[in-house]
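Please open the model in your viewer and keep the selection panel at hand. The tour proceeds from one selection to the next.

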Amino acid sequence: MTSTIDAVYLEALEKVRHATDLDSSDRQHDAFVSYLTAVNYIIPSLIADTSKGPQHFSNQKERQLIRLGLQCFERLGDLFDSIAQQPEHSTPANSGNAAIRQAKVTRPFTPLEKAFEENRKLQEAYRTRATQLVPSADKTAMVLSLHRKAALNLTAACEKEHQIRISEDEASRPRWGSNDRHRTLIDQVRAFDKREVRILASRQKVNSGNVATFVTSVLSVDGHPLHNMLFRYQHSVREQIVQSLASNGDTDQLAKSVKTSFNELTSAFQACYPSLTFLSESLSEQLEAHFFTPLWEALVTLTRRAMQEQHSGLEATLHQLRGQPPSVLDVDEHFASCIQSPELMVALGRAFRTVKEGRYPRVKLRSLVGAYQLLVEYLGDSEVGGDDLLPIQCWLMSQLVDADLLDELETAGNLLPEGALLGEGGYCLSTALVAMGYLSHLELKGDFMKE
């Protein structure tokens with residue numbers, strides 16, 4: 001049976017490869033049908049094999065077939081949305097008003113509208129119950145529960161609205177490969193890869209475990225169209241940095257330009273190698289390493305120049321606080337002895353050095369999250385509130401980092417995509433910048449501290 005499932009897997013790979021070729025040629029409808037055909041081939045084969053008993057679940061090829069099918073389904077969803085958004089070529093003239101009326105009737109609520117409606121129903125339910133209760137602790141508890149639920153509804157709705165805006169921004173970007181210049185690059189890459197046996201071989205076997213090797217093999221070959229593209233973008237960024245340093249240019253505008261160049265490079269890779277569409281996180285990580293590493297020092301220098309006053313204030317405060325006890329920053333006595341542990345200081349010092357040594361945004365963010373996780377694990381079950389966490393962070397930073405970390409993290413924050421700033425990574429970055437901003441505005445006089 002193993003030989004049979006191996007043959008099925010190879011045939012499925014051929015079908016998916018045909019679909020990705022159509023996809024990269026911007027033949028969306030044909031690609032959609034081909035992906036469906038591949039899935040339709042995979043599912044019956046899996047059913048026939050796995051229905052014979054649990055012993056067939058140990059074969060690695062079944063797992064690979066399932067993963068291949070899931071990747072096809074993910075791409076089918078993207079293609080379906082893309083095809084559905086394309087304008088229809090013919091619409092009956094007499095159906096226009098009806099369609100508009102139908103759209104008005106069936107337009108779904110936005111997340112915030114849903115939240116307001118849910119909160120209105122909660123309020124009505126509260127009023128009904130409140131008339132049945134005499135003034136008591138029960139009524140007070142019910143009021144607090146109502147406020148908590150309403151706040152949670154609004155918080156969740158705001159997060160959904162933010163995600164929708166990000167998705168809409170992504171959808172509004174022109175699809176890569178949609179114009180002659182893009183098509184020319186794709187054709188050039190295919191022609192070049194046919195001559196480069198090493199790239200052609202690795203292109204057919206790329207997966208989540210070897211994205212780094214594949215990207216490096218492409219970008220390290222002189223003359224490869226994507227290598228040339230990377231070089232042009234890096235040269236353009238260097239010129240913009242030089243101009244900004246000479247003329248006190250807008251660093252925010254430069255950051256937008258740099259992110260646009262990086263997004264163009266990422267989209268070009270995905271268009272030339274469609275299988276990388278299923279590995280977007282791994283691809284972005286590797287491209288950041290190649291794109292930003294040679295530019296990092298210059299980008300940080302530009303940030304430091306723009307934040308010179310805050311950098312100088314932080315540098316002066318860190319110099320004054322070095323070697324001082326936690327009490328100088330009003331750290332609670334309960335935590336003071338814990339955070340002065342030599343074991344924690346050595347481990348956190350190493351973690352912050354790793355953050356500073358990173359040369360592209362994602363690796364800095366990941367290292368910073370690791371540093372904060374280390375601190376949280378060391379504090380253990382201690383209940384640390386927001387009022388306690390800020391002075392703890394400030395004191396630890398005053399003993400373990402220098403002012404250059406501010407410029408490094410600010411640069412990373414300006415260049416990270418919005419999606420990367422959500423969740424744990426965004427929280428760690430924002431709290432670190434708040435702590436350093438707080439320190440940069442402190443005035444220390446003798447044994448006292450004034451903001």
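Is arginine 359 buried, partly exposed or exposed? In this predicted model, arginine 359 has a relative accessible area of 27% and is partly exposed.

Next, add glutamate 297 to the selection. Its side chain meets that of arginine 359 in a salt bridge, 3.0 Å from N to O. Arginine 359 belongs to the loop between H16 and H17, whereas glutamate 297 belongs to helix H13 (residues 296-306); the two are 62 residues apart, and the pair links distant parts of the chain. Glutamate 297 is also partly exposed, at 45% relative accessibility.

Remain on helix H13 and select arginine 304 together with aspartate 407 of helix H19 (residues 404-415). The closest N and O atoms of this salt bridge are 2.8 Å apart. Because the partners lie in these two helices, the pair ties together parts that are 103 residues apart in sequence. Arginine 304 is partly exposed at 26% relative accessibility, while aspartate 407 is buried at 0%. Extend the selection to Lys356, Asp402 and Asp404: with Arg304 and Asp407 they form one network of salt bridges that share partners. The structure holds 12 salt bridges.

Finally, turn to the interior space. There is one cavity of 30 Å³ or more, and the largest cavity contains about 70 Å³ of space. To display its lining, select Leu348, Phe352, Ala371, Tyr372, Leu375, Gln393, Leu396 and Met397. Helices H16 (342-357), H17 (361-379) and H18 (386-400) each give two or more residues to this lining. Seven of the lining residues are nonpolar, one is polar and none is charged.

Methods. Residues numbered from 1 in each chain as written. Predicted model: local features only at pLDDT ≥ 70, side-chain atom pairs only at ≥ 80, totals over all residues. Heavy atoms only, no water. 1 Å grid on protein atoms, 1.4 Å probe; cavity = no way out; pocket = protein on both sides within 12 Å on 5 of 7 lines; lining within 4 Å. Points joined across faces, edges and corners; volume = space filled by probe spheres on them. Helix = DSSP H or I, 4+ residues; strand = E, 2+ residues; numbered from the N terminus. Nonpolar A, V, L, I, M, F, W, Y, C, P; charged D, E, K, R; others polar. Salt bridge = Lys/Arg side-chain N within 4 Å of Asp/Glu carboxyl O. Buried < 20%, exposed > 50% of the residue type's maximum accessible area, 1.4 Å probe, protein only.
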